[in-house]
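Dear colleague,

Here is the structure I promised to hand over, with its sequence. My notes on what was found in it follow below.

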Amino acid sequence: MTAHGAEPERAPALAALVVASVEGAVALCRAERSIQPLDQIAQQLEALIGETCRSPRQP
C-alpha cells in the first residue's frame with residue numbers, strides 16, 4: 001500500500017482492516033446465504049483505499 005501512496009505508519013493497520021473485513025464479509029455471506037455483504041464491504045473498502053492510496057509514493 002505504501003507503493004501506492006499510503007503512509008508507512010498507517011499501511012499495516014489498513015492492510016489488517018482489509019483482511020479482517022473480507023473475512024467477516026465471507027462469514028456474513030455464509031450466514032445470510034447471500035453475496036450482498038461481500039459486495040457492500042468491497043464498495044466501502046474500495047472507497048477507503050482510494051482515499052488513502054491516491055498516488056504512487058516517490059522514492
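**Two helices and their faces**

On the other side of α2 from its buried residues, Gln43, Glu46 and Glu51 are exposed, where exposed stands for over 50% relative accessible area, buried for under 20% and partly exposed for in between, with a 1.4 Å probe and protein chains only. Please keep in mind that this is a predicted model, in which local features need pLDDT of at least 70 and side-chain atom pairs count only at pLDDT 80 or more, while totals for chains, interfaces and linings use all residues. Residues are numbered from 1 along each chain as its sequence is written, and side-chain values use heavy atoms, with hydrogens and water left out.

The helix names follow DSSP runs (H or I, at least four residues, for helices; E, at least two, for strands), numbered from the N terminus. The buried residues of α2 are Pro37, Leu45 and Thr52; seen down the axis of α2, these fall within an arc of 50 degrees, so they line one face of the helix, the arc being that of the directions from the helix axis to the C-beta atoms. They pack against α1, with contact taken as heavy atoms within 4.5 Å.

Turning to α1, its buried residues are Ala11, Leu14, Val18, Ser21, Ala25 and Cys29, and seen down the axis of α1 they fall within an arc of 75 degrees, so they too line one face of their helix. An α-helix has 3.6 residues a turn, so residues three or four places apart point the same way. What covers the buried residues of α1 includes α2, which runs over 36–52, whereas Pro12, Ala13, Glu23, Arg30 and Ala31, on the other side of α1, are exposed.

The lengths of both helices were also checked, the expected span being 1.5 Å times one less than the number of residues. For α1, with 22 residues, this gives 32 Å, and the end C-alpha atoms are 31 Å apart, which agrees; for α2, with 17 residues, the expected span is 24 Å and the end C-alpha atoms are 24 Å apart, which agrees as well. After α1 comes Arg33, whose phi is positive, near 50 degrees.

As for the cysteines, Cys29 is buried at 12% relative accessible area and Cys53 is buried at 15%, and a search of the whole structure finds zero disulfides, a disulfide being a pair of cysteine sulfur atoms within 2.5 Å.

Finally, Gly5 lies in the segment before α1 (11–32) and, at 21% relative accessibility, counts as partly exposed.

Best regards
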